[in-house]
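Here's a quick briefing to read with the model open beside you. Have a look at the fold first, then work through the points below.

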Amino acid sequence: MKTRQWLMVSMLLIACAAGVARADDRADDQTLRELKQRFMERFPTLVHLRREGKIGETWDGWTRTVRDEFRRLRLTAAGHIDDDQSSRNNDDRMTVGDLVDEENADRTKLYRIIAQKQNTTPLVVARRNAQRLFDQAEVGTYLKKDADSGWQRKPKPDDEDDRR
């Protein structure tokens with residue numbers, strides 16, 4: 001009788017765990033949709049700031065400002081650096097630092113979800129993403145290849161015709 005009760009309890013626990021896992025998957029799917037939307041909204045501004053040399057990508061999967069003072073630069077509603085950097089009363093313009101912080105907060109969430117699905121760590125996911133971003137970066141994009149190196153611009157690829 002006890003064996004049968006344990007078996008029933010075990011099956012109930014497994015069923016509950018499966019239900020929780022499905023609920024977690026649905027919550028993760030919703031979170032992923034929300035993250036995707038925010039990534040898409042920020043993307044044009046991030047591209048613009050990379051091209052302007054204000055931000056770059058790091059070896060560990062984060063976007064950072066190339067110089068600390070760039071964090072304070074205010075952005076226009078269109079996502080460009082505002083020509084008027086003077087302070088205003090109740091100035092609610094987003095700064096480059098705000099944008100970078102939002103991007104990295106969302107990357108943190110994304111890395112956690114992917115790591116959980118792939119049974120790995122967020123650090124591994126972040127570094128894989130960093131490699132992908134390095135590979136896909138436009139020529140001239142600032143990249144930081146490790147903790148000890150400074151920012152370097154992505155060089156033009158070697159062209160075999162130029163070596164002849």
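In this predicted model, the side chain of Arg 93 has a polar atom 2.5 Å from the backbone oxygen of Asp 84. The backbone oxygen of Ser 86 is also in reach, at 2.8 Å from a polar atom of that Arg 93 side chain. From there, it's worth going through the surroundings of Arg 93, then the cores, the pocket and the chain as a whole.

**Arg 93 and its surroundings**

- You'll find Arg 93 in the loop that runs between strand 2 (63-65) and helix 2 (96-118).
- Is Arg 93 buried or exposed? Arg 93 counts as buried because its relative accessibility is 12%, and the cut-off for buried is under 20%.
- Leaving aside residues up to four places away in sequence, Arg 93 touches Arg 74, Leu 75, Asp 82, Asp 84, Gln 85, Ser 86, Arg 88 and Asp 98.
- So Asp 84 and Ser 86, whose backbone oxygens lie 2.5 Å and 2.8 Å from polar atoms of the Arg 93 side chain, turn up in that contact list too.

**Leu 73, in the loop with Arg 93**

- Leu 73 also sits in the loop between strand 2 and helix 2.
- With a relative accessible area of 17%, Leu 73 is buried.
- Which residues does Leu 73 touch, not counting those up to four places away in sequence? They are Lys 54, Ile 81, Gln 85, Met 94, Thr 95 and Val 96.
- Take Val 96 from that list: Leu 73 and Val 96 are 23 residues apart in sequence, yet their C-alpha atoms are 5.6 Å apart in space.
- Gln 85 is a shared neighbour, touching Leu 73 as well as Arg 93.

**Nonpolar cores**

- The largest nonpolar core has 11 residues: Leu 46, Leu 49, Ile 55, Val 66, Phe 70, Leu 73, Leu 75, Val 96, Leu 99, Val 100 and Tyr 142.
- Helix 1 (2-51) and helix 2 each put at least two residues into this core, and helix 2 gives the most, with three.
- There's a second, separate core of five residues, with Tyr 111, Ala 115, Val 125 and Ala 126 among them.
- Leu 75 links two of these topics, as a member of the largest core and a contact of Arg 93.

**The largest pocket**

- The largest pocket holds about 470 Å³ of space.
- Its lining comes to 20 residues, and Phe 43, Arg 50, Arg 107, Arg 132 and Leu 133 lie nearest the centre.
- Helix 1, helix 2 and helix 3 (122-136) each supply at least two lining residues.
- Helix 1 has the largest share of the lining, with six residues.
- Sorted by class, the lining has 10 nonpolar, three polar and seven charged residues.

**Ser 149**

- Ser 149 lies in the loop between strand 3 (142-144) and strand 4 (152-153).
- Ser 149 counts as buried, since its relative accessibility is 17%.
- The Ser 149 side chain reaches the backbone nitrogen of Lys 145 at 3.5 Å.

**The chain as a whole**

- The chain has three helices and four strands, and from the N terminus the elements run α-β-β-α-α-β-β.
- Of the 164 residues in the chain, 33% are buried.
- Among contacts between residues at least 6 apart in sequence, 51% join residues at least 24 apart.

Technical notes: Residues numbered from 1 in each chain as written. Predicted model: local features only at pLDDT ≥ 70, side-chain atom pairs only at ≥ 80, totals over all residues. Heavy atoms only, no water. Buried < 20%, exposed > 50% of the residue type's maximum accessible area, 1.4 Å probe, protein only. Polar contact = N/O pair within 3.5 Å; in protein donor to acceptor, adjacent residues only side chain to side chain. Contact = heavy atoms within 4.5 Å. Core = buried A, V, L, I, M, F, W, Y, C linked by side-chain atoms within 4.5 Å. 1 Å grid on protein atoms, 1.4 Å probe; cavity = no way out; pocket = protein on both sides within 12 Å on 5 of 7 lines; lining within 4 Å. Points joined across faces, edges and corners; volume = space filled by probe spheres on them. Nonpolar A, V, L, I, M, F, W, Y, C, P; charged D, E, K, R; others polar.
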